[in-house]
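Thank you all for making time this morning. I would like to walk you through a structure that is new to most of us, and I will begin by putting it on the screen.

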Amino acid sequence: MIIIIINGMLVLTFRPLSNGVVSSMTIPALAPLFVGDFEYYRSILVLPDDTRPATPARDLATEDGLSLLLERYRRSQPGDDDRALLSQWSRTYFAKLVIPTITANLVLGRELPVGLDTLEIIMGCDGLPEAFRIPDEGRPFERVPASPFERFGELLESNFEPLVVGWSRQVKLSRKVLWNNAANYIEWLVGALAQMGVPSNRLEDGRRLIESEYRPDGQRNPMYRPVRYIPRNVGPSPLRQRRQCCIRYRLPGLELCENCPHIDRPPKGAKLPESLAVNV
């Protein structure tokens, strides 16, 4: 991970996450954030002048939309467990949307129009999100947000919340799993930005988002402490470990994640990731 200063502006270069997901963008107001080896990821967020076929994000929360999503994804990732398929698909969705959206928010103080009613998803040939089309470049906050829930409201309340509710109802996938899929990347990103030298005050709302047990309305915060750091006698220690298993191991050819909560006690039939199996 590298942080560079160009003309007084923070410029960030990301190495891949553990599952190979990275992101950047070509939108003019945001392009200076991501440079270097991953220039080709700059197309994750695009504007209306990108005319590739796309699916309205709102459709994904409907029964028909979700059925089409799973049918298409199943062509590249076989599996009969719809819960595991959706969970695995959502990880790419959350990672690719979280990284550019929250980085722009925290580093540039810029809110992007990523609510379900304005977002469109350009799918790759593998059935996974390839890019997200938004209606405009977003805008700087007119005033400092009063809380992390206000700062990230467009992403959390207008995108993640209706998707999580719709998906969990249709395939009976735990909301905790879906929220953990999203929060896992937010926790990683805030830590990565800190290590890269982004000033602490710019990251404060990111930290507060994952450290606040309750929302301002008194409801429990589903983003609260999504990972734990567990001391271990073998392998990496402390191990960055999710609180909820994403159940991807139920799909053919997929093993437990490196940060799975079941690493030390794998479910029957589940395979350890190669990087950890050699240490057990």
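I will start with the overall picture and the confidence, then turn to one sheet, and finish with some salt bridges.

Please keep in mind throughout that what you see is a predicted model. The protein has 280 residues, of which 52% count as buried, and its secondary structure consists of seven helices and ten strands. About 13300 Å² of the protein is exposed, with carbon and sulfur atoms supplying 48% of that area. If we take the contacts with a separation of 6 or more, 59% of them are between residues 24 or more positions apart.

How far does the confidence reach? The mean pLDDT of the protein is 88, and 87% of the residues reach 70 or more. Confidence is highest in strand 6, at 98, and lowest in strand 1, residues 2–6, where the mean is 38. Over residues 1–11 the pLDDT is below 50, although this stretch has 32 contacts in the model beyond near neighbours in sequence. Residues 14–25 also stay under 50, and for them the model has 54 contacts beyond four places in sequence. Where pLDDT is low, the predicted coordinates should not be read in detail.

Let me move to the sheet that includes strand 6. Four strands form an open sheet in the order 3-7-6-4, and the pairing is mixed. Strand 3, residues 45–46, and strand 4, residues 55–56, are the edge strands, each pairing on one side only. Strand 6, residues 120–123, pairs with strand 7, residues 129–133, in the antiparallel sense over four bridges, and within this pairing Glu120 has Arg133 of strand 7 as its bridge partner. Helix 2 lies across strand 3, strand 6 and strand 7, and its direction is at about 45 degrees to strand 7.

Now to the charged side chains, where the count comes to 18 salt bridges. Which residues are linked with Asp50 in a network of salt bridges? They are Arg52 and Glu130. Between Asp50 and Arg52 the closest N and O atoms are 2.7 Å apart. Asp50 is buried, because its relative accessible area of 16% is under the 20% cut-off, whereas Arg52, at 29%, counts as partly exposed.

A second salt bridge joins the side chains of Asp81 and Arg250, at 3.7 Å from N to O. This pair links distant parts of the chain, 169 residues apart, with Asp81 in the loop between helix 1 (63–73) and helix 2 (82–108), and Arg250 in the loop between strand 10 (239–242) and helix 7 (274–277). Here again the acid is the buried member, since Asp81 has a relative accessible area of 18% while Arg250, at 37%, is partly exposed.

The last example is the salt bridge between Glu211 and Arg225, with 3.1 Å from N to O. Glu211 lies in helix 6, residues 200–211, and Arg225 in the loop between helix 6 and strand 9 (227–230), so this pair ties together parts that are 14 residues apart in sequence. Are these two side chains' residues buried or partly exposed? Glu211 is partly exposed at 45% relative accessible area, and Arg225 is partly exposed as well, at 37%.

Technical notes:
Residues numbered from 1 in each chain as written. Predicted model: local features only at pLDDT ≥ 70, side-chain atom pairs only at ≥ 80, totals over all residues. Heavy atoms only, no water. Salt bridge = Lys/Arg side-chain N within 4 Å of Asp/Glu carboxyl O. Buried < 20%, exposed > 50% of the residue type's maximum accessible area, 1.4 Å probe, protein only. Helix = DSSP H or I, 4+ residues; strand = E, 2+ residues; numbered from the N terminus. Pairing = 2+ DSSP bridges. Contact = heavy atoms within 4.5 Å. Axes fitted to C-alpha atoms, helices over the stretch in contact; angles between N-to-C directions. pLDDT = per-residue confidence, 0-100. Areas by Shrake-Rupley, 256 points an atom, 1.4 Å probe, with all protein chains shown as cover.
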